[in-house]
Amino acid sequence: MSETCTEPSRTTSSPSASLETRHSKLETPAPVLTVAGLAKTFTLHHQNKSIPSVAGAGFTVSAGRLTALIGPSGAGKSSVLKCIYRTYLPQTGSMVLHGADGDLDLATCSEHAALRVRAREIAYVTQFLHCLPRQGTVDVVAAPLVALGSTRDAARAAAEERLRELDLPARLWDVPPATFSGGERQRVNLARGLVHRPRLLMLDEPTASLDRRSADLVVAAIHAAKAAGVAILAIFHDPDLVAALADDVVQLTRPEVPCAA
Amino acid sequence: MVADRPVLAVRGLSRIHGPACPSCRDLTGDAAGTNVCPRCGSVVAVADVAFDLWPGEILGIMGESGSGKSSVIRLIHLDDQVTAGSAVFREHDGTEHELATTGEETARRLRDTRFGMVHQNPHLGLNYLVSAGGNIAERLLCSGERSFQAIRDRALGLLTRTEIPPGRIDHQPRQFSGGMQQRLQIARALAPRPELLLLDEVTTGLDLSVQARILDLILEIQRELGVAMLVVTHDLGVVRLLAGRTLVMRHGRVVESGLTDQILEDPQHPYTQQLVMSAL
């Protein structure tokens, strides 16, 4: 396990990275996401307050490797994921996705580019399952493939395969996940995140609230995704999981709260 | 279909009701806190609205009553006269129309064959003197269909699609429930296979289970037909469910625009922050 520090200077040197690739083809994984100098502060106009959430995060996520974000509660781990997904607008920094169509800075790209990347290259799995109400589980999981133009049958077949891997009982496949237990929902969520084979997978505590056996299934699915070359950025609160799954660890610290403005 | 160009490109779109003086724009809007010009009394319903709508995209327009959101789609639907600015509609075959200056004949053709409008009040969108099938047939006749059998088949297909029992094709809309009337309005709007669907508060005032079926239907239509849609609503839940991107309007201006989840989770403008906080 290597320790990645958070100074942005280490992550911005793409020329040397390509040099390394030439020298050791097998050892250097291809970078998929390069984050540098990322900062996010919330401005609450009605309360006249600024709340710093992320200060100067920088790291690289590479194909077939898992980068774990660790740090105390309030260090901005989830905010980093939300900035990368563009649910939050960061103030400064760059988040370059080395995608199929070339490099794209998610901090400054157009809304349409962000939506395209979400549909094709980035999957974001949280502890909460946001999906259309009234939709059966297989269709929930198949939705990303349908959106990309797969036929419904092909998408459902791929979805069933993912659900089988995560050992979700087949009797639940046609039921909407609204009534599922936390562990079942989380597995549905992960199955949906993996179904269209994204280039970058972001996981926010994917094993929280899972029993031992469900957690083992999720860990196996994460190993399989890594082996398939998916770049993974994950938040775990269990240090054992970090030790078992992470190739790189990024320590975030709580941003300094400025004196009252 | 040309997917790398917007269906609709709107720039500086404005509609001012009244005499309009040179100060109208400067003295109204978000900073002024009103859309009535204090100098000449004109109502600045819409000013400087700009957006692109892409093929297959659903764009939400959110705002309170009087924010100008419905005025925007009335201008796009050529129901009202643009005061200034530009709105270019691009057909599938690449033909472009400047909606701000289009003539009445083209306007009628676009409304009949390329646009579909669904109103909050079905009385504005349906003809209550003819049957459900007749409501769909009217639109098909306007778009040039002349075969009785083709019209009847298409009407039955659309009723099935919108979950209205085909056996009720000859019933009058007033015999339908509120939710069914709304679905019939959608069927009527879809009849000529429009390229742009304009939805104005389509679920407002309906009970929750009926709302849910209408929203499901809209999403299915988007998935199956790839129609671009503008969805006007004051309901955050509706934009969250339907729209990938959202504009927030107030006093006739767009005060914020962005990805819908960003608007709802990290709103930037004081008004949007207040709106989101009041809803959650």
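**Close-ups of salt bridges, cysteines and the A–B contact**

**View 1. B:R25 pairs up with B:D48 in a salt bridge.** The closest N and O atoms of B:R25 and B:D48 sit 2.8 Å apart. This is a predicted model, and so are the other close-ups here. The two partners come from distant parts of the chain, 23 residues apart: B:R25 is in the loop between β1 (8–17) and β2 (43–53) of chain B, while B:D48 belongs to strand β2 of chain B. B:R25 is partly exposed, at a relative accessible area of 31%. B:D48 is partly exposed too, with 43%.

**View 2. Still in chain B, B:R90 meets B:E96 in a salt bridge.** Here the closest N and O atoms are 2.9 Å apart. Which end of the pair is buried, and which is partly exposed? B:R90 counts as buried, at 13% relative accessibility, whereas B:E96 is partly exposed, with a relative accessible area of 42%.

**View 3. Over in chain A, the side chains of A:K226 and A:D247 form a salt bridge.** The N to O distance is 3.1 Å. A:K226 lies in helix α7 (residues 212–227) of chain A, and A:D247 is in the loop between α8 (239–245) and β10 (248–251) of chain A, so this bridge ties together parts that are 21 residues apart in sequence. A:K226 is buried, with a relative accessible area of 13%.

**View 4. Four residues of chain A share a network of salt bridges.** The members are A:D139, A:R152, A:R156 and A:D174. For the wider tally, the structure holds 33 salt bridges over all chains.

**View 5. Chain B and chain A meet through 23 residues from chain B and 22 residues from chain A.** The area buried between the two chains comes to about 1,900 Å², and carbon and sulfur atoms give 55% of that. Which residues of chain B lose the most area to chain A? They are B:L259, B:E265 and B:D266, together accounting for 27% of what that side buries.

**View 6. A salt bridge between B:D261 and A:R118 spans the two chains.** The closest N and O atoms of this pair are 2.8 Å apart. Between chain B and chain A the count is four salt bridges. Polar contacts cross the interface as well, with 13 residue pairs found (both at pLDDT 80 or more). On the side of chain B that touches chain A, α7 (208–225), β10 (253–259), α9 (260–265) and α10 (270–279) of chain B each supply at least two residues. As for the chemistry of that side, the residues split into seven nonpolar, eight polar and eight charged.

**View 7. Two cysteines, A:C83 and B:C37, shown with their closest cysteine neighbours.** How many disulfides turn up in the whole structure? A search over all chains finds zero. A:C83 is in no disulfide, and the nearest cysteine sulfur, in A:C109, is 13 Å away. A:C83 is also buried, with a relative accessible area of 0%. For B:C37, the closest cysteine sulfur is that of B:C21, at 3.6 Å. Why is there no bond between B:C37 and B:C21? Their sulfurs are too far apart for one, because a disulfide needs the sulfur atoms within 2.5 Å. B:C37 counts as buried, at 1% relative accessibility.

Technical notes
Residues numbered from 1 in each chain as written. Chains lettered and ligands numbered in written order. Predicted model: local features only at pLDDT ≥ 70, side-chain atom pairs only at ≥ 80, totals over all residues. Heavy atoms only, no water. Contact = heavy atoms within 4.5 Å. Buried area = accessible area lost by both parts, 1.4 Å probe. Polar contact = N/O pair within 3.5 Å; in protein donor to acceptor, adjacent residues only side chain to side chain. Helix = DSSP H or I, 4+ residues; strand = E, 2+ residues; numbered from the N terminus. Nonpolar A, V, L, I, M, F, W, Y, C, P; charged D, E, K, R; others polar. Buried < 20%, exposed > 50% of the residue type's maximum accessible area, 1.4 Å probe, protein only.
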